[in-house]
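I opened this notebook to keep track of what I looked up, going from one strand pairing outwards to the wider fold.

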Amino acid sequence: MRKSLLFIPANHPGMLQNVDIFEADSVIFDLEDGVALTEKDAAKDLLVSFFQHFHLKDVEKIIRIHEIHDLDIIMSHHIDTICLPKADVSSLKLLDKKLSALEKKHKLDHQINIIALIETPESILNALEIAKQPRVNGLLLGAEDLATYLGVKRTLSGIEIEFARNMVIYAAKAVGIDAIDTPFTDTTDLSGLTKDIEHAKALGMNAKACIHPNQIETVNHLFKPSKEDILYAQKILLAKQQADAQGLGAFSVDGKMVDKPIIDRAIHIINASKE
Amino acid sequence: MRLKTAATAGTYESNDCMVTVKKMEGITIEIDSVVKEQFGEQIHKVALETLSSLNISNIYLYIKDKGALDYTIIARIKTAIKRLGV
């Protein structure tokens, strides 16, 4: 499961060649809003050359495309995932077809995944259908574009995107994929970032996009299970082992009954703590 | 339609380079770099190899280097050549 995804403008050599020093789980090489319209061609050439010279390991390489034809130029075995802006069911079906053809053409030994960027009112309402599309393994909420569609201002409390956050979380969790929160845009306000993450995490988000490397550490730290959570999860799993050995169907920990959802959550916490 | 006679690609930011190409008989490469003494030959070699990979034998190429690595020089030359339309 991802925790942190760092956006890098694809036409910025100084940032590209330093991506492996950041500790993000994923890097999103941005060909969309991060690159001026007149420089899309240069960004694609730079990205292709970058991947030919730098073989990044231990980080998921995601490309946020500007248009689907970008893939004809940039596709290579170095790419793990495509982030599709303003995703809807029909554009995802088109992208799936395109990726199938390119995987065959380039003889890729892995399947390219998709992160669907949910940033229109319609896509919020169709989030579950979007989450069910082939290859989609994450929903990323794009709150800035969404706020523009809604005609509302973004606020620190995020009240204007509460419904959208919930829709993205419920859709993602219903099919077992990542619910990725929108970036926090004030890169100088780390205390605001912390509050924003804590709120998003409490709702059910399990990851967050970052727009500056200085956000990664906070995101990674806060999306990791806390020490108390890990200790409690270990206690649950130990009690389950003992209950299984004694042939007990039901058991309690600290006076509270433990059932399957609680055991599943404990397993999830332990797995997340290892990542 | 007016055909382009010159094109550019890149920026003047550090780690980047600005490449200018013009149509010209033969190959002329000019390099301006703060590290020309140390890396001028390498930049020239990368430029020549890139032109060769694109089958370009008639071009004027000027590189204003701001500390670009090879992959950036290659990409900027390719973009400039495509923009020139040769």
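I began with a single pairing in chain B of this predicted model, and found that Asp32(B) has Lys64(B), in β4(B), as its bridge partner. Looking along the strands, I noted that β3(B) and strand β4 of chain B, residues 59-65, run parallel and are joined by seven bridges.

I then traced the sheet of chain B, which is open, has four strands in the order β1-β2-β4-β3, and shows mixed pairing. At its edges I found β1 (6-10) and β3 (27-33) of chain B, each of which pairs on one side only. For the turn between neighbouring strands of this sheet I recorded an average of 15°, with direction ignored.

Next I asked which strands α2(B) lies across. The helix lies across β1, β2 (17-22) and β4 of chain B, and runs at about 35° to β2(B).

I turned to the largest nonpolar core, which has 87 residues, and listed those that touch the most other members: Ala116(A), Ile118(A), Ile130(A), Leu139(A), Val168(A) and Ile180(A). The largest share of this core, eight residues, comes from helix α2 of chain B, residues 70-84.

I followed Ile130(A) further and, leaving out residues up to four places away in sequence, found that it touches Ala116(A), Ile118(A) and Leu139(A), and also, among others, Asp88(A), Ser123(A) and Ala171(A).

Last, I checked how chain A is divided, and noted domain 1 (4-223) and domain 2 (227-274). The centres of these two domains of chain A, taken over C-alpha atoms, are separated by 34 Å.

Notes. Residues are numbered from 1 along each chain as its sequence is written. Chains are lettered from A and ligands numbered from 1 in the order in which they are written. This is a predicted model: local features need pLDDT of at least 70, side-chain atom pairs count only at pLDDT 80 or more; totals for chains, interfaces and linings use all residues. A nonpolar core is a set of buried Ala, Val, Leu, Ile, Met, Phe, Trp, Tyr and Cys residues joined through C-beta atoms within 7 Å. A residue is buried if 20 or more other C-beta atoms lie within 10 Å of its own, exposed if 12 or fewer, and partly exposed in between; C-beta atoms are placed from the backbone. Helices (H or I, at least four residues) and strands (E, at least two) are DSSP runs, numbered from the N terminus. Two residues are in contact if their C-beta atoms, placed from the backbone, lie within 7 Å. Domain bounds come from an automatic or database domain assignment. Two strands pair if DSSP finds at least two bridges between them. Axes are lines fitted to C-alpha atoms, for helices over the stretch in contact, and angles run from 0 to 180 degrees between N-to-C directions.
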